[in-house]
Each structure stands twice: as C-alpha cells, then as structure tokens.
Amino acid sequence: MFTFRNHPDYQILPLLQPNLDEKPFDMERVKTICAGGLSKCPLEDRAFAWLALLGVFPSVPNKWNETLETMRQNYATFVSDYKLENWHKILFTRKQHLREAVSSPADQLDNQQLMNEIHMDLVRSYRNLQYFSEDPILPDDLDPEDTLASKCETIRRIERMLYIFGQFNLTLKYMQGFNELILPLFYVMIQGKDAFSGDMDIVEAVTFHSFQNLLTNTDVKEFYSVYDNAQIIQNKLADFDSLIQTKLPSIHAKLGKLRIQPIMYSYRWFNLLFAQEYQMPNLLFVWDSLLAHQPQLIEYAFFI
C-alpha cells in the first residue's frame with residue numbers, strides 16, 4: 001500500500017487510499033476538486049489527481065501497487081528493446097544539442113533521425129523547460145551560459161519517452177507538438193516524486209503511460225490523426241467557430257469580415273492544450289481544469 005506524509009492540505013490523496021471493501025474511488029469528487037485548480041495542494045496531490053483523471057491510476061485504489069509495478073516493468077522492457085538503457089546518462093555540449101541528439105555512435109538507435117527530430121523540438125521548448133531543476137550532478141566543464149546542458153538528464157529522459165512513443169505507436173508515431181504536451185506531465189510527476197520513493201525511473205515510466213493515455217484515450221488525438229487529418233481538424237474547429245458565433249457574435253462577425261478562419265489563430269491552442277500560451281505555473285492550473293472535464297476535454301478547451 002502506498003502511503004503519504006501527513007498534511008492537512010491534501011484533497012486528492014485521501015480519496016485514493018485502499019479500502020477494505022475494495023471500492024472504486026469517487027471520480028466525480030476528484031473532478032470537482034480539480035476543476036477549481038490544485039495550486040494550493042501538496043505536490044503529490046496534483047500528480048495523483050492527473051494520474052486518476054488520465055486513467056493511469058486504477059479505479060480501485062487497492063490495485064495501485066500492482067498497476068505501478070506492471071507499468072514499471074513494461075516501460076523497462078521498452079527501454080531495453082529500443083536500446084535506451086543509459087540514454088539519460090549521455091551528456092551533450094552546446095554545439096551538439098543545437099543540431100543533434102547524441103554524440104555516441106549513430107548506429108546505437110534504430111531511428112537516429114527520429115531522435116534528432118525530437119531533440120531539436122525540445123531545444124525549442126525552453127519556455128517551459130526552464131522550470132525544471134538542474135541535474136543533481138553537473139559536469140565540471142559546464143558552460144555557465146548553457147542553460148540546457150544543466151538539464152541534460154531531464155531532456156534525455158523526455159527524449160527517451162517520446163522516442164519510445166514514436167516507435168511503439170505506429171498510427172500516431174511522433175509529431176511536432178508532442179514535445180510540448182509531455183512537459184507538464186513530466187514536471188508534475190517530478191514535483192510529486194516523493195510518492196514514488198524519489199525514483200526517477202518510476203517517475204519516467206508513470207509519465208510515459210500518462211502521455212500514452214493523453215494521446216490515445218482523449219479527444220486530443222483528433223488533432224494528430226494521420227488519417228484524413230485536415231478534414232478532422234476542420235470539423236473540430238468548425239465546432240469552435242459555432243461556439244464563437246453563439247457566445248461572441250460581434251467578434252465572430254468581425255473575424256468573418258476579415259476572413260480570419262479559426263485554424264489561423266486557434267489551432268495551436270487546442271492541439272497543444274495552451275502549452276505555448278502559458279508558462280508552467282499557470283499552465284498547470286489550466287490543465288487541472290482541462291483534465292477534470294474528461295471526456296469533453298477539447299470541448300471544454302473551446303470555452304477557455
């Protein structure tokens with residue numbers, strides 16, 4: 001059974017404790033609390049709230065330890081199969097991380113091009129990467145102006161998760177934008193790592209499964225479908241346009257007069273869940289409420 005430190009401000013974790021009757025936790029209660037934001041709660045509260053809302057935490061809390069061990073083992077298998085066991089230990093220099101992902105032999109990975117693509121996308125994600133802590137052990141020759149190199153292990157772990165996702169999910173693969181969506185998830189799980197015994201390998205495994213569920217079990221996936229993608233996106237944004245017409249008719253008329261279509265200004269709001277509009281502290285508050293409105297996540301995002 002997992003335990004948590006005694007804290008009077010916990011709101012979520014007490015709802016997720018094992019019980020003698022092995023009853024499911026109250027999902028509606030979790031959603032209600034999260035809808036108002038969890039910024040004033042202890043760090044573990046948000047981590048477990050998001051796990052519950054994304055379907056990573058089991059409906060019956062008594063099964064959590066078993067579920068966690070299965071996730072850990074499955075992810076360890078992925079890491080081994082894709083030859084990424086020591087990936088988080090590979091350092092990079094400033095010049096290297098501006099152009100490529102790895103300084104080790106190119107044949108280490110089956111898809112070096114994919115890893116380089118992921119790496120370059122993460123380099124451009126500095127807006128929210130800056131909120132991650134520096135690595136516990138930094139190289140002696142670290143360039144003080146190289147802010148990314150001080151977070152090398154963090155970046156490597158994110159690369160590993162995205163690479164595995166891209167190789168494992170043949171229908172979605174890897175697409176630009178995934179780098180933005182995984183950052184809030186990883187950040188929140190790191191913040192709550194005490195609930196995972198401070199084990200970063202477990203934190204990474206839990207983040208990967210959270211990301212997997214976000215992209216496959218919510219309507220966010222409709223913005224990334226590789227099949228008839230343009231038509232799906234147009235249909236989705238047509239719903240948003242109808243909402244604007246109903247709720248903000250004068251603005252809708254002005255946009256129409258100027259021939260400004262929703263895809264011109266709102267697409268990245270929804271496919272990135274506002275990750276490029278808000279910096280991390282405010283973004284987490286927005287995501288609390290977004291995830292609380294599953295399975296109408298994107299519909300609720302339209303109202304934001």
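The crossing of helices α1 and α2 is left-handed, in a model that is predicted. The contact between the two helices is formed by M27, V30, K31 and C34 on the α1 side, and by A49, A52 and L53 on the α2 side. By class, the residues of this contact comprise six that are nonpolar, none that is polar and one that is charged. The axes of α1, spanning residues 27–35, and of α2, spanning residues 43–53, come within 10 Å and cross at roughly 125°. Because an angle of over 115 but not over 145 degrees falls outside the parallel, antiparallel and perpendicular classes, α1 is described as oblique to α2.

One residue of that contact, C34 of α1, also bears on the question of disulfides. C34 is buried, because its relative accessibility is 0%, under the limit of 20%. The closest cysteine sulfur to that of C34 belongs to C41 and lies 8.2 Å away, which is too far for a bond, since a disulfide requires two cysteine sulfur atoms within 2.5 Å. By this rule the count of disulfides comes to zero. Another cysteine, C152, is likewise assigned a relative accessible area of 0% and is therefore buried.

At the level of the whole protein, the secondary structure consists of 15 helices and zero strands. Of its 304 residues, 50% count as buried. Among contacts with a separation of 6 or more, 69% are accounted for by residues 24 or more positions apart.

Two residues in helices were examined individually. N213 is placed in helix α9, which covers residues 200–217, and it is buried because its relative accessible area is 14%, under the 20% limit. When neighbours within four places in sequence are left aside, the contacts of N213 are with L54, G55, V56 and T218. Q245, by comparison, lies in helix α10, which covers residues 229–247, and it counts as partly exposed because its relative accessibility is 45%, a value that falls between the limits of 20% and 50%. The C-alpha atom of Q245 is separated by 9.9 Å from that of G256, a residue eleven positions apart from Q245 along the chain.

The remaining features concern backbone geometry in loops. K83 has a positive phi of about 60° although it is not a glycine, and its place is the loop between α3 (64–81) and α4 (94–97). With a relative accessible area of 35%, K83 is partly exposed. A positive phi is also found at K173, where the value is near 60° in a residue other than glycine. K173 is located in the loop between α7 (152–168) and α8 (178–191), and at 48% relative accessibility it counts as partly exposed. Finally, the peptide bond from Q294 to P295 is cis, with omega near 5°, and P295 itself lies in the loop that runs between α14 (280–292) and α15 (297–303).

Methods
Residues numbered from 1 in each chain as written. Predicted model: local features only at pLDDT ≥ 70, side-chain atom pairs only at ≥ 80, totals over all residues. Heavy atoms only, no water. Helix = DSSP H or I, 4+ residues; strand = E, 2+ residues; numbered from the N terminus. Buried < 20%, exposed > 50% of the residue type's maximum accessible area, 1.4 Å probe, protein only. Axes fitted to C-alpha atoms, helices over the stretch in contact; angles between N-to-C directions. Parallel < 35°, antiparallel > 145°, perpendicular 65-115°, else oblique. Left-handed = near helix turned anticlockwise from the far one by under 90°. Contact = heavy atoms within 4.5 Å. Nonpolar A, V, L, I, M, F, W, Y, C, P; charged D, E, K, R; others polar.
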